[in-house]
Amino acid sequence: MIHKISIEDIDVSGQKVFLRADFNVPLDQGKVRDDARIKAVLPTIDNLLGRGARLVLASHLGRPKGQPKEELKMDPVATRLTELLGRTVIKLDQVVGPVVNKAVADMKNGDLLLLENLRFEKGEESNEKAFAGKLAEPVDLFVNDAFGTAHRAHASTVGIASYIPAVAGLLMKKEIEELSRSIENPLRPLTVILGGAKVSDKINVMRHFLQLADYLLVGGGMANTFLAARGYDLGDSFYEKDMVEEAAKIIGESEKSSCRLVLPVDLVVTRELKPGSSFKTLEPEKIKHSWKAVDIGVKTVESFGECILNSAMIVWNGPLGVFEISPFDQGTMFTALKVAESEAYSVVGGGDLVAALEFLNLADDINFISTGGGATLEFWEGKELPGITVLQDKT
Ligand code: ADP
Ligand code: MG
């Protein structure tokens with residue numbers, strides 16, 4: 001188990017704290033469209049301010065690639081933070097340099113400010129030593145709460161830790177605890193549900209869970225690749241040709257492991273992927289050339305449900321169909337209802353699945369929803385995340 005020092009373990013009063021958050025939120029016409037990522041950091045902000053820290057907040061937003069971009073400035077985040085905190089959040093137009101240093105030097109206990117988009121600076125993503133030094137210059141302590149960026153070794157997630165002490169924020173701490181539990185000491189039976197588009201994105205997660213889980217349920221576009229490996233011709237369905245061989249290997253590995261690999265036994269197919277288009281449910285062997293498999297069928301939901309209802313823990317990543325287009329969200333929805341119905345402790349990760357569950361109003365039934373996408377997947381692969389590794393260990 002990873003044991004990192006968190007803000008709860010140290011005295012922060014009077015300390016100038018660089019709080020790396022993940023405020024990489026979707027924007028819509030200059031406004032924050034979904035503030036879930038901002039809300040996720042509020043406990044850490046409240047905790048630090050309440051205990052007399054001086055807070056310098058920083059995040060990246062979008063992909064400006066080392067250049068200032070008007071539409072990716074942090075102002076909308078400052079506006080939303082101001083609303084959520086009920087106090088004015090001052091936003092600087094700089095990331096580092098004399099203006100920042102002066103503003104931080106003038107702060108009092110319980111003050112906070114927000115820096116400009118970290119990725120406006122070239123040194124951020126290249127983890128340039130000198131730039132990391134500049135980030136560290138005005139502050140005393142580095143608190144990392146940006147779990148969603150922990151798989152990237154950037155100046156604000158890794159480099160800065162070579163200049164000042166680095167500890168975990170409350171969100172980071174919770175992510176580490178929850179995700180560790182699902183791979184190190186899972187309740188059993190453990191059911192892992194994997195969906196989404198591509199096998200290639202998730203092959204390592206799959207292999208890791210094949211060693212760990214009791215049931216591995218596969219749906220979504222990636223199931224098509226597995227069915228192709230089983231020899232089915234899925235017509236016009238999305239699948240990854242160059243991953244068929246790898247999928248066949250995984251099927252072979254599953255036969256030797258104690259984990260049961262469960263693939264769809266029926267699929268919702270359509271000729272046209274658009275809202276309201278006609279569809280039917282077919283067994284894989286009955287799919288013809290012009291049909292696309294876009295969701296799991298009712299019998300598959302039933303068979304997934306048997307595993308789910310028999311589980312003590314459920315780990316789920318990736319939607320089981322093209323949930324963006326109604327009614328191809330039904331497989332994901334009915335599976336989510338089984339998860340909600342079961343007594344099992346459920347842990348969900350991945351951007352699109354979380355969006356799907358929120359859209360379906362089922363997110364509240366999940367015990368833990370990870371804020372990471374790629375970071376969560378890498379954690380589940382059993383990889384070390386550089387943004388976690390640099391945090392001080394508890395002894
Ligand atoms: P997550 O972000 O939850 O990890 P992914 O990014 O791997 O999920 O995959 C999400 C995408 O997979 C969605 O856009 C969804 O439309 C797509 N998808 C799911 N099932 C299918 C399918 N049968 N055919 C094509 N695309 C699919
Ligand atoms: Mg995704």
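**Close-up views of a predicted model**

**Figure 1. The surroundings of ligand 1.** A nitrogen atom of ligand 1 sits 3.1 Å from a polar backbone atom of A293. This view, like those that follow, comes from a predicted model. A polar backbone atom of G221 is also found 3.1 Å from a nitrogen atom of the ligand. On the side-chain front, an N or O atom of E324 comes to 2.5 Å from an oxygen atom of ligand 1. Taken on its own, ligand 1 has 580 Å² of accessible area, and the protein covers 83% of that. Two or more residues of the shell come from each of α8 (220–229), β14 and α12 (351–359). In total, 19 residues surround the ligand, and the closest are K202, G221, E324, D352 and L353. If you are thinking about the chemical character of this shell, it divides into seven nonpolar, nine polar and three charged residues.

**Figure 2. Helix α10 and what covers it.** Here you can follow helix α10 through its twelve residues, 298–309. Does the helix length add up, and what span should we expect? At 1.5 Å a residue the expected span is 16 Å, and the end C-alpha atoms are 16 Å apart, so the two agree. The buried residues of α10 are T300, V301, S303, F304, G305, C307 and I308. An α-helix has 3.6 residues a turn, so residues three or four places apart point the same way. Which elements cover the buried residues of α10? Among them are the strands β9 (190–194), β10 (215–218), β11 (260–262), β14 (292–296) and β15 (313–317), together with helix α11 (330–341).

**Figure 3. I250 in helix α9.** The residue to look for is I250, which belongs to helix α9 (residues 244–256). I250 counts as buried because its relative accessibility is 0%, and the cut-off for that class is under 20%. Beyond its neighbours within four places in sequence, I250 touches I203, M206, R207, L210 and F226. For a sense of scale, K292 is 42 residues from I250 in sequence, and their C-alpha atoms are 24 Å apart in space.

**Figure 4. A buried arginine, R20, and its histidine partner.** R20 is part of strand β1 (residues 16–20). Is this arginine buried or exposed? With a relative accessible area of 0%, R20 is buried. Its side chain makes a polar contact of 3.1 Å with the side chain of H60.

**Figure 5. N127 in the loop between α4 and α5.** N127 is placed in the loop that runs between α4 (122–125) and α5 (129–136). Its relative accessibility is 25%, so N127 counts as partly exposed. Setting aside its neighbours within four places in sequence, N127 is in contact with A153, H154, A155, V158 and G159. In the case of A155, the backbone nitrogen lies 3.5 Å from a polar atom of the N127 side chain. V339 is 212 residues from N127 along the chain, and 41 Å separate the two C-alpha atoms.

**Figure 6. S346 in strand β16.** This view centres on S346, a residue of strand β16 (residues 345–349). At 1% relative accessibility, S346 counts as buried. Which residues touch S346, once its neighbours within four places in sequence are left aside? They are I314, V339, D365, I366, N367 and F368.

**Figure 7. Two cis peptide bonds.** Most residues other than glycine have a negative phi, and most peptide bonds are trans. The exceptions shown here may be worth a look before you set up a calculation. R188 and P189 are joined by a cis peptide bond, with omega about 0 degrees. P189 has its place in the loop between α6 (170–184) and β9. S326 and P327 are likewise joined by a cis peptide bond, with omega about 5 degrees. The place of P327 is in the loop between β15 and α11.

**Figure 8. Two positive phi angles.** Q29 is not a glycine, yet its phi is positive, at about 50 degrees. This residue is in the loop between β2 (27–28) and β3 (31–32). A relative accessible area of 78% makes Q29 exposed. N361, also a residue other than glycine, has a positive phi near 65 degrees. You will find N361 in the loop between α12 and β17 (368–369). Its relative accessibility is 69%, so N361 counts as exposed.

Technical notes:
Residues are numbered from 1 along each chain as its sequence is written. Chains are lettered from A and ligands numbered from 1 in the order in which they are written. This is a predicted model: local features need pLDDT of at least 70, side-chain atom pairs count only at pLDDT 80 or more; totals for chains, interfaces and linings use all residues. Side-chain values use heavy atoms; hydrogens and water are left out. Helices (H or I, at least four residues) and strands (E, at least two) are DSSP runs, numbered from the N terminus. The expected span of a helix is 1.5 Å times one less than its number of residues. Buried means under 20% relative accessible area, exposed over 50%, partly exposed in between (1.4 Å probe, protein chains only). Contact means heavy atoms within 4.5 Å. A residue is near a molecule or strand if one of its heavy atoms lies within 4 Å of it. A polar contact is a pair of N or O atoms within 3.5 Å; within protein, one must be able to donate a hydrogen and the other to accept it, and residues adjacent in sequence count only if both atoms are side-chain atoms. Accessible areas come from the Shrake-Rupley method with a 1.4 Å probe; for residues, only the protein chains shown count as cover. Ala, Val, Leu, Ile, Met, Phe, Trp, Tyr, Cys and Pro count as nonpolar, Asp, Glu, Lys and Arg as charged, and the others, Gly among them, as polar.
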